[in-house]
Amino acid sequence: MEITREDLKHLADLSNFSLPEEEMDSLQNDLDGIVKYISELSELNTDGVEPTYQVFEMDNVWRDDEIKAQDANREELLDLTVEEKENQIKVPKVL
Amino acid sequence: MKYIPTIGIECHVQLCTKTKLFSEVDNDARGKEPNSCVSPVDYALPGMLPRLNGEAVKFAVRAGHAMNCAINPKSRFDRKHYFYPDSPKGYQITQFFHPIIGEGFVELPSGTKIRIEHAHLEGDAGKLTHFSNYSLVDLNRVDTPLIEIVSMPDIHSAADARDYAKELWRLMTFAKVTYGDLYNGNMRFDVNVSIAPEGADKLGTRTETKNLNSFRSIERAVEYEIKRQTKLLEAGETIRQETRGWNDATGESTPQRSKEEAKDYRYMPEPDLPPLNLSEEFISAALENFPMMPSDYRKMLGSIVPDATLEVLLDYPKLMEKLSELKENTAALKRISNLFSSVLLAEENFSLLNDELPSKQQLLDLAEMLDKNELSSTGGKEVFIKFFDPEMHFKATREIAKELGVVQENDLGALEAIVDAVLAKPETQKAQEDYKNGEQKVIGFLVGQVMKESHGKANPSAVQEILRKKLA
């Protein structure tokens, strides 16, 4: 599978990234290389092999339903945002 | 041409666990400041990892059981990617490939069965408020546990769509997995509607009307969509597959602006959460003390309360639980059920049902006093209403009845004395003559006189009996 310019634009679109024309070639090249590298796995015959969703062989990892104090409070978390208004995060209108 | 509508419904139910699905913060943000129930995990700060809430898994098992669904021992989480400011992570953690709840069905009061395709656990998104050129984000709702219930396209009318949604609400609230507050979005419905000519072997193109949060709006939105699609097809036009938004004020839906190709979620297994592999013991422990469901209540009350009344009572889970405390005593159960329905519902006194309900003892005493004719049906109602009076509700039934002065005199000796006194009065002589001459209806006047003399405490049917004997 080859990564086309259209694929690249589509991915950028989905993530709402702007993608400058001058970066397109190198990104397309990088992404194509990554996909080709991963695609080597397709050479293996996996007939009858259960899909692996994780590699630690753990299951049923959960916690109790108890409220715990957090390491950061509301003000500290809101301070991380670019802009806030009335204790909410202010963002440009999307859609 | 006759068109047959086909409807499938997706329902999001917010689970009422103490903490969120993936972070250990307060899940109950009702009446709380924006962004006050959040953690670094909800903000998706670098390096923050989700930790699954085990209670939410139990709640999902209970929800599935309420819908007669198979519980899949093996399930796992996936990432559903999308870009929108309601999700700082840039993806929603959901169960796309292996959901925890498998196939089942919901039976409507009419007996129609709607099959459940599956239901899965996932995190809710944050809340956006839009202004003219910006939006505000409140992350309190981020990763509130949800189960999304997906029905099969088994619904064929707007009324059934409403009934299905209502029955789901009952199942989820009776199972106590949600607060069930529709106004605050605890349950939200998306309806998929298509129509096809009768006898056609293919379904028509469907539209999805999203985010309905009342039974009435579901019914209206489906009605609207069936009419709209019928009109288009009859004009020779085609239906466009699209997402629509419902406006309750205008009673119309409009296509929602959505990006082209928006539905490319690039699902992948969630690497931060190991899969679930539930043992039989875990599942049966989660179902211990499972509460009575609407179908159990229909069995309990079906033969003693009319169906229509029962369906109204079933909208009040706390009330039904209270009635179930009386189930050993059928006579009391019948009297009290009828009191609840006639007093509270006929007078549309719904708000009383949100208050603390009377105790089992108060209700049993009331039923007994009615049985023994110590209370007339009117007196019984008066006492019953006082059960909800903040000044009175903690008092014993008999005490309330005495304070209201509605305890009936059933002591025949005492009643006879009063009757004799009334019969001796000059103003009753003519009525007595008339009665003896065959004018049966003057008995009402005489009973009235006795009631007056007893200050309303005599049992009128007992009085009438004594009068008839004495005047015979």
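## A tour of chain B and its contact with chain A

Let's start with a distance: the centres of domain 1 of chain B and domain 3 of chain B, taken over C-alpha atoms, are 67 Å apart. Those two belong to a set in which chain B is divided into domain 1 (3-282), domain 2 (294-404) and domain 3 (412-471). Keep in mind that what you're looking at is a predicted model. Its scores are ipTM 0.90 and pTM 0.87. For chain B, the pLDDT averages 92, and 97% of the residues score at least 70.

**The eight-stranded sheet**

Find the open sheet of eight strands in chain B, and walk across it in the order β5-β6-β9-β1-β10-β11-β12-β13. The pairing in this sheet is mixed. Which strands sit at the edges? They are β5 (104-107) and β13 (252-255) of chain B, each of which pairs on one side only. If you ignore direction, neighbouring strands of this sheet are turned by 30° against each other on average.

Now zoom in on a few pairs of neighbours. At one edge, β5(B) pairs with β6 (residues 113-123) of chain B in the antiparallel sense, over four bridges. To spot that pairing on screen, look for B:G104, whose bridge partner in β6(B) is B:I116. Further along, β1(B) and β10 (residues 187-197) of chain B are also antiparallel, and eleven bridges link them. Here B:V13 has B:M187 in β10(B) as its bridge partner. Next door, β10(B) is joined to β11 (residues 207-212) of chain B by four bridges, again antiparallel. In that pair, B:V193 is matched with B:T207 of β11(B).

A helix goes with this sheet too. α1(B) lies across β1 (3-14), β5, β6 and β9 (145-151) of chain B, and runs at about 175° to β6(B).

**A three-stranded sheet and a hairpin**

Chain B also has an open sheet of three strands, in the order β4-β3-β14, with antiparallel pairing. Its edge strands are β4 (91-94) and β14 (268-269) of chain B, since each pairs on one side only. Between β3 (residues 78-81) of chain B and β4(B) there are four bridges, in the antiparallel sense. One place to look is B:H81, which stands opposite B:Y91 in β4(B).

Then there's a hairpin: β7(B) connects to β8(B) through three residues. The two strands run antiparallel, with four bridges joining β7 (residues 127-130) of chain B to β8(B). B:K127 stands opposite B:D138 in β8(B).

Here are the antiparallel pairs within chain B side by side:

| Strand pair | Bridges | A matched residue pair |
|---|---|---|
| β5(B) and β6(B) | four bridges | B:G104 and B:I116 |
| β1(B) and β10(B) | eleven bridges | B:V13 and B:M187 |
| β10(B) and β11(B) | four bridges | B:V193 and B:T207 |
| β3(B) and β4(B) | four bridges | B:H81 and B:Y91 |
| β7(B) and β8(B) | four bridges | B:K127 and B:D138 |

**Where chain B meets chain A**

Remember β8(B), because that strand turns up again at the contact between the chains, where four bridges join β2 (residues 88-92) of chain A to β8(B). The two strands run antiparallel. A:P92 has B:Y134 as its bridge partner in β8(B).

How many residues does each chain bring to the contact? Chain B supplies 40 residues and chain A supplies 34 residues. On the side of chain B that touches chain A, the elements giving two or more residues are α1 (54-66), β8 (134-138) and β15 (276-277) of chain B. Which of these elements gives the most? It's β8(B), with five residues. Sorted by class, that side of chain B has 18 nonpolar, eleven polar and eleven charged residues.

**Two crossing helices**

Last stop: helix α12 (residues 412-423) of chain B and helix α14 (residues 443-453) of chain B. They pack at an angle of about 115°, and their axes are 9 Å apart. Is the crossing of α12(B) and α14(B) left-handed or right-handed? It's right-handed. On the α12(B) side, the contact is made by B:I418, B:V419, B:A421 and B:V422, while α14(B) brings B:Q449, B:V450 and B:E453. By class, the residues of this contact of α12(B) with α14(B) come out as five nonpolar, one polar and one charged.

Key
Residues numbered from 1 in each chain as written. Chains lettered and ligands numbered in written order. Predicted model: local features only at pLDDT ≥ 70, side-chain atom pairs only at ≥ 80, totals over all residues. Contact = placed C-beta atoms within 7 Å. Nonpolar A, V, L, I, M, F, W, Y, C, P; charged D, E, K, R; others polar. Pairing = 2+ DSSP bridges. pLDDT = per-residue confidence, 0-100. Domains from an automatic or database assignment. Axes fitted to C-alpha atoms, helices over the stretch in contact; angles between N-to-C directions. Left-handed = near helix turned anticlockwise from the far one by under 90°.
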